[in-house]
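Thanks for taking a look at this one with me. Here are some short notes to help you find your way around.

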Amino acid sequence: MDVSKSWSRALSLRANLTQQWLQRYGWEILPHPAHSPDLAPSDFHLFGPLKRHLGGMAFETEDDLITELRNWFDNLDVDFFRVGNNSLLSRWQKCIDLHGDYVEK
């Protein structure tokens, strides 16, 4: 049995059922790219500060890097995540206003 074909059929069936459900309840389906860095909090809010934090550092082992990442995440204030998530609303609206085009800063 080809697992990849079975998985693909299952995903297709789920997508069809989801679209039927959305249509039944009158939800508008907005077209958007499969991955938009404008709408992914990790891309627009997390990676920049993380890159600045790690800039210039060198790690002798992967464990050293993992320790530094854990320390950085542990020391982030809860407001850091709140600000990132709250900015999604305005980014979504900009994306809708631009008919799916990328959101400029």
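1. A good place to begin is F81. Please keep in mind that this is a predicted model. F81 has a relative accessible area of 39% and is therefore partly exposed, since the partly exposed class lies between the buried cut-off of under 20% and the exposed cut-off of over 50%.

2. Next, look at F80. Its relative accessibility is 18%, so F80 counts as buried; the cut-off for that class is under 20%.

3. Now take the two rings together. A pair of aromatic rings is described by the distance of the centres and the angle of the planes. A search through the whole structure turns up five aromatic pairs. In the pair formed by F80 and F81, the ring centres are 5.3 Å apart and the planes stand at 90°, so this pair is edge-to-face. Ring pairs also join F80 and F81 with W72 and F73 in a cluster.

4. It is worth turning the view to helix α2, residues 41–54, and helix α4. The axes of α2 and α4 come within 9 Å and cross at roughly 140°. The crossing of α2 past α4 is right-handed. On the α2 side, the contact is made by P41, F44, H45, L46 and P49, while α4 brings F80, V83, G84, N85, S87, L88 and R91. By type, the residues of this contact divide into seven nonpolar, four polar and one charged.

5. H45 deserves a closer look. This residue lies in helix α2 and has a relative accessibility of 18%, so H45 counts as buried. Leaving aside residues up to four places away in sequence, H45 touches F80, V83 and G84. A polar atom of the H45 side chain lies 2.6 Å from the backbone oxygen of F80. F80 thus appears in two of these notes: with H45 here, and with F81 in the ring pair above.

6. What helix holds S90, and which residues does that helix span? S90 lies in helix α4, which covers residues 78–97. S90 has a relative accessible area of 40%, so S90 is partly exposed.

7. A last pair to locate is S90 and L39. These residues are 51 residues apart along the chain, and their C-alpha atoms are separated by 9.9 Å.

Key. Residues are numbered from 1 along each chain as its sequence is written. This is a predicted model: local features need pLDDT of at least 70, side-chain atom pairs count only at pLDDT 80 or more; totals for chains, interfaces and linings use all residues. Side-chain values use heavy atoms; hydrogens and water are left out. Helices (H or I, at least four residues) and strands (E, at least two) are DSSP runs, numbered from the N terminus. Buried means under 20% relative accessible area, exposed over 50%, partly exposed in between (1.4 Å probe, protein chains only). Rings of Phe, Tyr and Trp (its six-membered ring) pair if their centres lie within 6.5 Å; planes under 30 degrees apart count as stacked, over 60 as edge-to-face and the rest as tilted. Axes are lines fitted to C-alpha atoms, for helices over the stretch in contact, and angles run from 0 to 180 degrees between N-to-C directions. A crossing is left-handed if the near helix is turned anticlockwise from the far one by less than a right angle, and right-handed if clockwise. Contact means heavy atoms within 4.5 Å. Ala, Val, Leu, Ile, Met, Phe, Trp, Tyr, Cys and Pro count as nonpolar, Asp, Glu, Lys and Arg as charged, and the others, Gly among them, as polar. A polar contact is a pair of N or O atoms within 3.5 Å; within protein, one must be able to donate a hydrogen and the other to accept it, and residues adjacent in sequence count only if both atoms are side-chain atoms.
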